[in-house]
Amino acid sequence: MITVPRPGRPRGGGNERADGAGPAAPTRKRSRVRAFGLRTRLLAAFLLVAAVSAGTTSALTYREARNALLQTAQDTAVSTFRDQVERTGWGLPLQEEGLEEILRDLARTGKPRPWVVFAEYGSIRASSGENPVSSVITPQLRRAATADRYGSFQRVVKDGVPYLTIGMPTVFKTGPDSVLPSGLVLYAVMRMTDEQVNVDALLIAARNGALPGLAVALVPALLAARSVLRPVRELRRAARSMGSGRLDTRIPVRGRDELADLADTFNESAGQLERSVGELREAEARARRFASDVSHELRTPLAGMLAVTEVLDEDADRLDADTAQAVRLVSTETGKLAVLVEDLMEISRFDARAAELNSDEIDVAEAIRKTLQARHWADDDRIRTELPAGIRARLDPRRFDVVIANLVGNALRHGGAPVSVLLRTEASSSGTLVLVVEVADRGPGIPAAALPHIFDRFYKADAARTRSPGSGLGLAITLENVHLHGGTIRAGNLPGGGAVFTVEIPLRAEEAGR
Amino acid sequence: MSRVLLVEDDPFVREGVQLGLRRRGHDVRAAGTGEDGLAALAEFRPDLLLLDLMLPGMTGVQVCRRIREHSQLPIIMLTARGDDFDVVIGLEAGADDYIVKPARPEVIDARIRAVLRRMDDGSTGRPAIEVYGDLTIDRVGLTASKAGRPLTLAPSELRLLLHLSAAPEQVFSRQQLLENVWEHTFHADGRLVDACVARLRGKIEDEVGNPRYVQTLRGFGYRFGPL
């Protein structure tokens with residue numbers, strides 16, 4: 001298995017994501033890896049190895065075969081020439097006449113091929129061919145031929161034609177082991193075109209042998225790349241699937257290699273993740289159910305208490321002062337408790353995503369006016385409204401009522417008069433029409449530190465004011481209700497002082513009521 | 001002032017609501033179970049039934065269905081479960097209104113009065129008996145019949161029918177119907193209207209899926225006719 005190290009990527013735990021495969025992998029890194037992908041690198045490595053091994057084998061084979069081929073030809077030629085030279089009786093001193101005839105005889109019996117024979121003796125130059133001296137014979141060979149009594153040979157390439165040149169000195173035998181050069185040196189020049197053809201054929205054969213090897217190496221390279229890349233692809237798919245929330249995603253484990261280990265580790269990690277997420281969800285669901293159950297359980301006693309507080313209130317005037325105060329306190333607190341439980345119920349419905357939108361097309365100005373009327377705020381001179389007629393929107397009247405009532409109530413409690421309620425429509429940045437409701441007051445405004453938390457549950461901007469008439473859930477419920485309408489709500493401060501809450505709800509003319 | 005039968009299993013709530021309503025001038029009889037409540041009906045002859053949804057044994061929904069089989073007694077559901085599902089189940093069983101607990105006697109009293117209010121809208125200057133197709137509506141006798149067969153309509157259903165047919169072909173939004181028929185001055189939800197329309201259709205229409213008398217105008221509301 002060829003491993004390709006990845007630069008700049010620390011080795012982490014077993015569940016390390018495949019490079020660039022995960023949905024969260026930054027695109028910058030992905031594009032860099034893509035440019036020189038795993039598949040390309042694997043193929044390149046395979047081809048390199050195949051090329052080196054095939055090339056080396058071919059080169060060595062070629063060299064050996066060529067040497068053997070040439071060696072045989074050379075040896076034959078040299079020994080034949082030597083024999084011929086020895087067998088020929090040379091009358092010394094040599095006469096130029098008749099020499100060419102002898103040389104021609106020698107040339108005819110050349111082995112393995114006819115050769116051209118030259119003789120050099122002092123100033124005498126004779127040849128079996130047309131030129132008395134061959135241009136192929138190098139000074140090097142001349143020197144070697146006179147020095148070595150057994151003769152020398154050299155391969156020479158001239159004008160693209162290879163020649164074998166042999167130099168053979170003739171000697172006098174002066175003793176059993178001693179000889180004396182006679183001065184006559186014979187040269188044979190043989191064309192080695194046939195050998196060259198064979199050698200060329202060898203070269204082509206070697207090359208032709210190596211190339212299919214390379215081509216054949218592509219197949220296992222592709223197979224190996226596929227076997228590596230398929231698990232990587234599976235890993236990527238699985239990681240993406242996990243990312244989109246399907247935590248039960250697993251990868252099939254094949255074989256026992258490193259990739260199978262990786263898949264195993266991934267599966268294990270996914271299992272652990274699924275378990276912990278499952279536990280978290282369960283805990284969350286339990287907490288929600290608990291809140292909902294508590295609220296339900298509180299409702300029944302509250303129903304009884306609330307039913308009798310009116311009786312207490314009505315009769316308080318007839319009781320003595322202390323008892324009357326106690327009775328009024330109980331009555332007020334019961335009312336608050338009832339509001340708190342209602343708000344808790346509402347919040348737990350939002351948490352359980354059980355809150356539904358029962359939309360109706362309503363006249364928004366009319367709806368706001370009714371909300372103010374129902375809370376006895378309609379004739380309140382602390383409230384100023386600017387409600388242009390004719391704005392109709394699909395809203396859940398009950399939820400919209402809660403939104404407006406909470407914002408106005410909040411402004412009256414924590415802000416300062418006058419509270420202004422403005423209604424308008426405007427085009428949002430994306431070009432769709434939105435309904436805008438602004439509730440502003442002239443109070444001290446919201447402290448900067450409190451702004452980010454203003455919609456949190458039970459958040460109290462002023463830590464000293466531990467009790468307020470509201471449940472502490474009003475703005476959180478308002479936020480949820482606005483979100484349910486697909487809208488947004490912002491809190492801010494006016495330049496001249498005072499807080500402003502801005503509700504934006506898209507004016508969609510989509511599916512109509514039942 | 002009016003005779004109210006309260007069916008509620010929790011003694012504290014029963015006592016409290018009884019006390020509160022009695023102070024507001026109602027003649028209240030209380031029963032702890034649905035069975036007791038049904039038994040008290042014949043003897044007490046209430047003008048209205050306040051019915052808890054969660055009861056031991058027979059549930060409020062079952063009691064409601066049983067009563068609706070033969071009686072047009074106004075019924076208000078008293079429920080601790082304000083979730084959409086529970087409300088709709090209660091309404092579909094034939095209740096005229098619902099109150100989510102906890103509620104002040106003031107609110108309960110207002111709802112009782114609204115449900116009991118005399119159904120006199122549109123009765124002046126019109127013939128007492130109107131005929132629309134197979135449907136005959138008697139505005140004085142406060143009855144309706146279809147093809148000569150009298151219909152058993154719950155008070156809210158009858159009031160809805162009277163209100164819609166008083167102005168044929170006029171479209172009423174759910175909000176308008178809530179205010180005119182149920183007298184809810186604040187924003188209650190349209191589920192009350194939808195559930196009531198569904199029940200009314202079940203009684204007067206030939207094909208519920210293709211209503212002839214009470215028609216839906218998508219995005220606007222409901223209207224009576226055109227036939």
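Two strands are taken to pair if DSSP finds at least two bridges between them. In this predicted model, that criterion is met in chain B by E6(B) and strand E7 (residues 135-138), which are joined by four bridges and run antiparallel. Within this pair, B:Glu130 stands opposite B:Ile137 of E7(B).

The pair belongs to an open sheet of four strands in chain B, ordered E6-E7-E8-E9 and paired in antiparallel fashion. Strands E6 (129-132) and E9 (149-150) of chain B stand at the edges of the sheet; each has a single partner strand, so one side of each is left without a neighbour in the sheet.

Turning to chain A, its surface carries charged patches of both signs. A positive patch is made up of A:Arg39, A:Arg226, A:Arg233 and A:Arg237. Helix H5 (residues 193-243) of chain A is the main contributor to the positive patch, giving three residues. A:Arg237 is located in helix H5 of chain A. Its relative accessibility is 55%, so A:Arg237 counts as exposed, the cut-off for that class being over 50%.

The negative patch consists of A:Asp257, A:Glu258, A:Asp261, A:Asp264 and A:Glu268. Of these residues, A:Asp264 can be placed in helix H6 of chain A, which spans residues 258-316. A:Asp264 has a relative accessibility of 36% and therefore counts as partly exposed, a class that lies between the buried limit of under 20% and the exposed limit of over 50%.

How values were computed. Residues numbered from 1 in each chain as written. Chains lettered and ligands numbered in written order. Predicted model: local features only at pLDDT ≥ 70, side-chain atom pairs only at ≥ 80, totals over all residues. Heavy atoms only, no water. Patch = residues over 30% accessible without salt bridge, like charges linked within 9 Å, V, L, I, M, F, W, Y side chains within 5 Å. Areas by Shrake-Rupley, 256 points an atom, 1.4 Å probe, with all protein chains shown as cover. Salt bridge = Lys/Arg side-chain N within 4 Å of Asp/Glu carboxyl O. Lys, Arg positive; Asp, Glu negative; His and termini not counted. Charge placed at Lys NZ, Arg CZ, Asp CG, Glu CD. Helix = DSSP H or I, 4+ residues; strand = E, 2+ residues; numbered from the N terminus. Buried < 20%, exposed > 50% of the residue type's maximum accessible area, 1.4 Å probe, protein only.
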